[in-house]
Amino acid sequence: MQALSVQQPWAFAIARGGKTVSNESLPTGYRGPLLVHASMRVDLKACDSPLVQAAGWDPRDPLATIGAIIAVADLDGVCSAAVRGGSCDCGPWAAPAAHHWHLGGVRALPRPIVALGRSPGLWEPKPSLVDEISTMFAATAALDHSS
């Protein structure tokens, strides 16, 4: 499993608002589960973006925190057409001249888990962090089934 640090409010938009593209400066060959880490940096201008507002941005939401894992997603593919000056159909979240990392199966964590991240690019989370997230999802699933 890998992790990706993303500035707020973009990380929130992935976790809560259906943002299925992460705009990155480099491509990756990695495919599979990806922890979404809300970095310690906030893109203040983006907080007023119509896309971010439509995603339900709320700085009081626990997933609007910084310095924590807030979601798990599947990195399904990467589109690099825009980097080569081509056009693509990656949707409204796709920035020009960026590699578009396509995220699917996004699952917000029931609560953020404080963790140190790393930018840019992918990084490998500690096994104890991955175990904590797996345990959290298992406990939530068990509660859902008992209700």
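Arginine 41 sits in strand E3, which spans residues 32-42, and in this predicted model the residue is exposed, with a relative accessible area of 61%, because anything over 50% counts as exposed. Leaving aside residues up to four places away in sequence, arginine 41 touches Gln7 and Gln8. Valine 83 lies 42 residues from arginine 41 along the chain, and the C-alpha atoms of the two are separated by 25 Å.

Serine 39 is found in strand E3 as well, yet its surroundings can be described in other terms: serine 39 is buried, with a relative accessible area of 9%, since the limit for that class is under 20%. With residues up to four places away again set aside, serine 39 touches Ser5, Val6 and Gln7, and also Ile66 and Gly67.

From this strand one can step back to the chain that holds it. The protein chain has 3 helices and 6 strands, and these follow one another along the sequence in the pattern β-α-β-β-α-β-β-β-α. Its radius of gyration is 15 Å, close to the 15 Å that the globule rule gives for 147 residues, so the chain is as compact as a globular protein of that length. The C-alpha atoms fill a box of roughly 50 × 35 × 30 Å along the principal axes, and 44% of the 147 residues count as buried. Among contacts with a separation of 6 or more, 84% are accounted for by residues 24 or more positions apart.

The surface and the charges complete this overall view. The protein chain exposes about 7800 Å², of which carbon and sulfur atoms supply 56%, while the mean positions of its 11 positive and 12 negative charges are 5 Å apart.

Contacts across the sequence also appear among the aromatic rings, where the count comes to 2 aromatic pairs. In one of them, the rings of tryptophan 10 and tryptophan 93 have centres 6.3 Å apart and planes at 90 degrees, so the pair is edge-to-face. Tryptophan 10 lies in helix H1 (residues 10-16) and tryptophan 93 in the loop between strand E4 (68-79) and strand E5 (99-114), so the pair ties together parts that are 83 residues apart in sequence. Tryptophan 10 counts as partly exposed at 22% relative accessibility, whereas tryptophan 93, at 11%, counts as buried.

Phenylalanine 12 and tryptophan 57 form another edge-to-face pair, 5.3 Å centre to centre with 85 degrees between the planes. This pair links distant parts of the chain, 45 residues apart, with phenylalanine 12 in helix H1 and tryptophan 57 in the loop between helix H2 (50-54) and E4; both phenylalanine 12 and tryptophan 57 are buried.

Methods:
Residues are numbered from 1 along each chain as its sequence is written. This is a predicted model: local features need pLDDT of at least 70, side-chain atom pairs count only at pLDDT 80 or more; totals for chains, interfaces and linings use all residues. Side-chain values use heavy atoms; hydrogens and water are left out. Helices (H or I, at least four residues) and strands (E, at least two) are DSSP runs, numbered from the N terminus. Buried means under 20% relative accessible area, exposed over 50%, partly exposed in between (1.4 Å probe, protein chains only). Contact means heavy atoms within 4.5 Å. The radius of gyration is taken over C-alpha atoms; the globule rule is 2.2 Å times the number of residues to the power 0.38. Accessible areas come from the Shrake-Rupley method with a 1.4 Å probe; for residues, only the protein chains shown count as cover. Lys and Arg count as positive and Asp and Glu as negative; His and the chain ends are not counted. The place of a charge is taken as NZ of Lys, CZ of Arg, CG of Asp or CD of Glu. Rings of Phe, Tyr and Trp (its six-membered ring) pair if their centres lie within 6.5 Å; planes under 30 degrees apart count as stacked, over 60 as edge-to-face and the rest as tilted.
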